[in-house]
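Here is a short report on a single chain model. It looks at core packing, a helix pair and charged side-chain contacts.

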Amino acid sequence: MVSLNLTVPLAVDFNEAADYFIFITNLLIATSAVLVAGSVVLGIICKKTLRRQNRFIFMLNTSISDTLSGVGGYYIGLFDVQEGFPSRNGTYYIVPSLLGVNILTIMFAQLDRFLAVVYPYTYNHYITRTIVIGVCVFCWFYTYLTLTVQNLLTVDAAAKLSAYGTLLLQAIIIVKVLMNVKLYLIAKYQIAREPPGPERDSKKESLRLIIVVVVCFLALWTPDFYYIILVQLTRSSYIFTNNASDPLSMMIRLSATCTPGLYIWGSPALREAVLKTVWGRVCPPLRKR
């Protein structure tokens, strides 16, 4: 099973210039995730008009996960940690599993946008905020229930369960890609036929945002996913000494900054909330923008 030592060495020895680069890069990745994702969390929580919209509930869920990923990144990115079966100084897969929460949440967010645009009447009557919050809670419950079972098993059994989970994730990836194509076609044809107005602009904004988020998320996450599959299939060892020196692992942790950053970029309402409500308290001139 995985173990967590009381004293864990740093990820690098600082004997070469590359060591300083790796350490500083991981430090910046973790800090940026905490600041950007944390700003989105506070912006949505502090703005009642945002909390009342389903799409922002999904954003809040992924941003909470990304904030925690950033906090966990200080450990995984700065210390000698290798998650795996078996792991070295691992976190019992608690931090990496935050990615699983995001994968499920973004998939449900795609489905939410599809129903909102294609079946607006049904969506407005049945997809309430309570249901969306329940779906977000389910993403956490399912991910960490599976993780709990996995940590109670032997290393070999846990590795097999992880392999089955990998197959499930492959199916989710296919669904996400197909849903993205469908959302793109909807955005291109159906919304273009609707009369101009705030509702059309809102639908267009939300569809464009979820499409861009999914593309960037998969681009950052997929390389490491298939690298892990390759290692498991060939029964070889990891090339990199730890997660901190693994550029593919860095890409995954960078997604904790990119996803909430895209939320801010793609949503003027959220951008205003973050600038005025959150950062405006730290830097008063931002409130006037």
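The report covers the nonpolar cores, then one helix contact, then the salt bridges. The model is predicted.

**Nonpolar cores**

The largest nonpolar core has 48 residues. Those with the most contacts inside it are Ile-44, Met-59, Leu-183, Ile-210, Trp-221, Tyr-263 and Leu-270. Several helices give two or more residues to this core, among them helix 1 (17–46), helix 3 (54–76), helix 4 (98–118) and helix 6 (129–152). Helix 7 (155–190), helix 8 (198–234), helix 9 and helix 10 also do so. Helix 8 gives the most, with 11 residues.

Apart from this core lies another, of 6 residues. Its members include Ala-11, Ile-22, Ile-29 and Ala-244.

Met-59 shows the packing in detail. Leaving out residues up to four places away in sequence, Met-59 touches Ile-44, Leu-209, Tyr-263 and Leu-270.

**Helix 9 against helix 10**

Helix 9 spans residues 247–266 and helix 10 spans residues 268–282. Their axes come within 5 Å and cross at roughly 105 degrees. Angles of 65 to 115 degrees count as roughly perpendicular, so helix 9 and helix 10 are roughly perpendicular to each other.

On the helix 9 side, the contact uses Tyr-263, Ile-264, Trp-265 and Gly-266. On the helix 10 side, Pro-268, Leu-270, Arg-271 and Val-274 meet them. The contact residues divide into 6 nonpolar, 1 polar and 1 charged. Tyr-263 and Leu-270 take part in this contact, and both are also listed among the core residues with the most contacts.

**Salt bridges**

Side chains of opposite charge can pair when their charged atoms come close. The structure holds 3 salt bridges. The table gives the N to O distance for each pair.

| Basic residue | Acidic residue | N to O distance |
|---|---|---|
| Arg-88 | Asp-80 | 2.9 Å |
| Arg-113 | Asp-112 | 2.7 Å |
| Lys-276 | Glu-272 | 3.4 Å |

Which of these residues are buried, and which partly exposed? Asp-112 is buried, with a relative accessible area of 4%. Its partner Arg-113 is buried too, at 10%. The Arg-88 pair is mixed: Asp-80 is buried at 15%, whereas Arg-88 is partly exposed at 32%. In the remaining pair, Lys-276 is partly exposed at 30%, and Glu-272 is partly exposed at 39%.

Lys-276 and Glu-272 both lie in helix 10. They are 4 residues apart, about one turn of the helix.

Technical notes:
Residues numbered from 1 in each chain as written. Predicted model: local features only at pLDDT ≥ 70, side-chain atom pairs only at ≥ 80, totals over all residues. Heavy atoms only, no water. Axes fitted to C-alpha atoms, helices over the stretch in contact; angles between N-to-C directions. Parallel < 35°, antiparallel > 145°, perpendicular 65-115°, else oblique. Contact = heavy atoms within 4.5 Å. Nonpolar A, V, L, I, M, F, W, Y, C, P; charged D, E, K, R; others polar. Salt bridge = Lys/Arg side-chain N within 4 Å of Asp/Glu carboxyl O. Buried < 20%, exposed > 50% of the residue type's maximum accessible area, 1.4 Å probe, protein only. Core = buried A, V, L, I, M, F, W, Y, C linked by side-chain atoms within 4.5 Å.
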